[in-house]
Amino acid sequence: MSEPIDPTLLEILVCPLTRSQLRQEGDFLVGEVGGLRYPIRESIPVLLIDEARLPEGIETLEQFKKKFADQIRD
């Protein structure tokens, strides 16, 4: 399991797609909106949309974007 992300850093990090706050769950940062899971590798958050794991029941990024379209900020 990754070391905890510094709380000050965690306060300013957001999901690059939804712009929602992130919380740490083990080796991932999880977006409050939609639940995209971004990996933490060697204590470094990898905030690339292509690297994110989709939540249960969502098969593609396009499906995610449609489901959460009203909550994704431009």
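# Exercises on a predicted model

In this predicted model, Phe28 stands opposite Pro39 in β3. Start from that pair and work outwards.

## Exercise 1: The sheet

Task: Work out how the strands are ordered, how they pair, and which ones stand at the edges.

Solution:
- Step 1. Take the strands in sheet order. The order is β1-β2-β3-β4, and the sheet is open.
- Step 2. Check the direction. The pairing is antiparallel.
- Step 3. Find the edges. β1 (22–25) and β4 (44–45) each have a single partner strand, so one side of each lacks a neighbour in the sheet.
- Step 4. Look at one pair in detail. Strand β2 covers residues 28–31 and strand β3 covers residues 37–41; three bridges join them.
- Step 5. Recall the general rule. Strands of a sheet pair through backbone hydrogen bonds, either parallel or antiparallel.

## Exercise 2: A charge over a ring

Task: Find which residue has its charged end over the ring of Phe28, and how far it sits from the ring centre.

Solution:
- Step 1. Go to the ring of Phe28. The charged end of Arg37 sits over this ring.
- Step 2. Read the distance. It is 4.6 Å from the ring centre.
- Step 3. Follow Arg37 further. Salt bridges that share partners join Arg37 with Arg23 and Glu25 in one network.

## Exercise 3: Positive phi

Task: Locate Glu42 and Ser43, then decide whether each is buried, partly exposed or exposed.

Solution:
- Step 1. Place Glu42. It is in the loop between β3 and β4.
- Step 2. Place Ser43. It lies in the loop between β3 and β4.
- Step 3. Read the backbone angles. Glu42 has a positive phi of about 50 degrees, and Ser43 has one of about 70 degrees. Glu42 is not a glycine; nor is Ser43.
- Step 4. Apply the cut-off: exposed means over 50% relative accessible area. Glu42 has 79%, so it is exposed. Ser43 has 45%, so it is partly exposed.

## Exercise 4: The core

Task: Name the residues of the largest nonpolar core that touch the most other members.

Solution:
- Step 1. Count the core. It has 16 residues.
- Step 2. Pick out the best-connected ones. They are Leu17, Leu29, Leu36 and Tyr38.
- Step 3. Examine Leu29. Leaving aside residues up to four places away in sequence, its contacts include Ile5, Leu10, Leu13, Leu36, Tyr38 and Ile40.
- Step 4. Add the general rule. In soluble globular proteins, nonpolar side chains tend to be buried together.

## Exercise 5: The aromatic pair

Task: Describe the geometry of the pair Phe64 and Phe68, and say whether the two residues are buried or exposed.

Solution:
- Step 1. Search the whole structure. One aromatic pair turns up.
- Step 2. Describe it. Phe64 and Phe68 lie 4.7 Å apart, centre to centre, with 40 degrees between the planes; the pair is tilted.
- Step 3. Check the surroundings. Phe64 is buried at 0% relative accessibility. Phe68 is buried at 12%.

## Exercise 6: Salt bridges

Task: State how many salt bridges the structure holds, then compare some of them.

Solution:
- Step 1. Count. There are four salt bridges.
- Step 2. Take Glu51 and Arg41. Their closest N and O atoms are 2.7 Å apart. The pair links distant parts of the chain: Glu51 is in the loop between β4 and α2 (61–67), and Arg41 is in strand β3.
- Step 3. Take Glu62 and Lys65. Their N to O distance is 3.9 Å. Both lie in helix α2, three residues apart, about one turn of the helix.
- Step 4. Take Glu25 and Arg23. Their N to O distance is 2.8 Å. Glu25 is partly exposed at 32%, and Arg23 is partly exposed at 36%.

Methods. Residues are numbered from 1 along each chain as its sequence is written. This is a predicted model: local features need pLDDT of at least 70, side-chain atom pairs count only at pLDDT 80 or more; totals for chains, interfaces and linings use all residues. Side-chain values use heavy atoms; hydrogens and water are left out. Two strands pair if DSSP finds at least two bridges between them. Helices (H or I, at least four residues) and strands (E, at least two) are DSSP runs, numbered from the N terminus. Buried means under 20% relative accessible area, exposed over 50%, partly exposed in between (1.4 Å probe, protein chains only). A nonpolar core is a set of buried Ala, Val, Leu, Ile, Met, Phe, Trp, Tyr and Cys residues joined through side-chain atoms within 4.5 Å. Contact means heavy atoms within 4.5 Å. Rings of Phe, Tyr and Trp (its six-membered ring) pair if their centres lie within 6.5 Å; planes under 30 degrees apart count as stacked, over 60 as edge-to-face and the rest as tilted. A charge sits over a ring if NZ of Lys or CZ of Arg is within 6 Å of the ring centre and within 35 degrees of the ring normal. A salt bridge is a side-chain nitrogen of Lys or Arg within 4 Å of a carboxyl oxygen of Asp or Glu.
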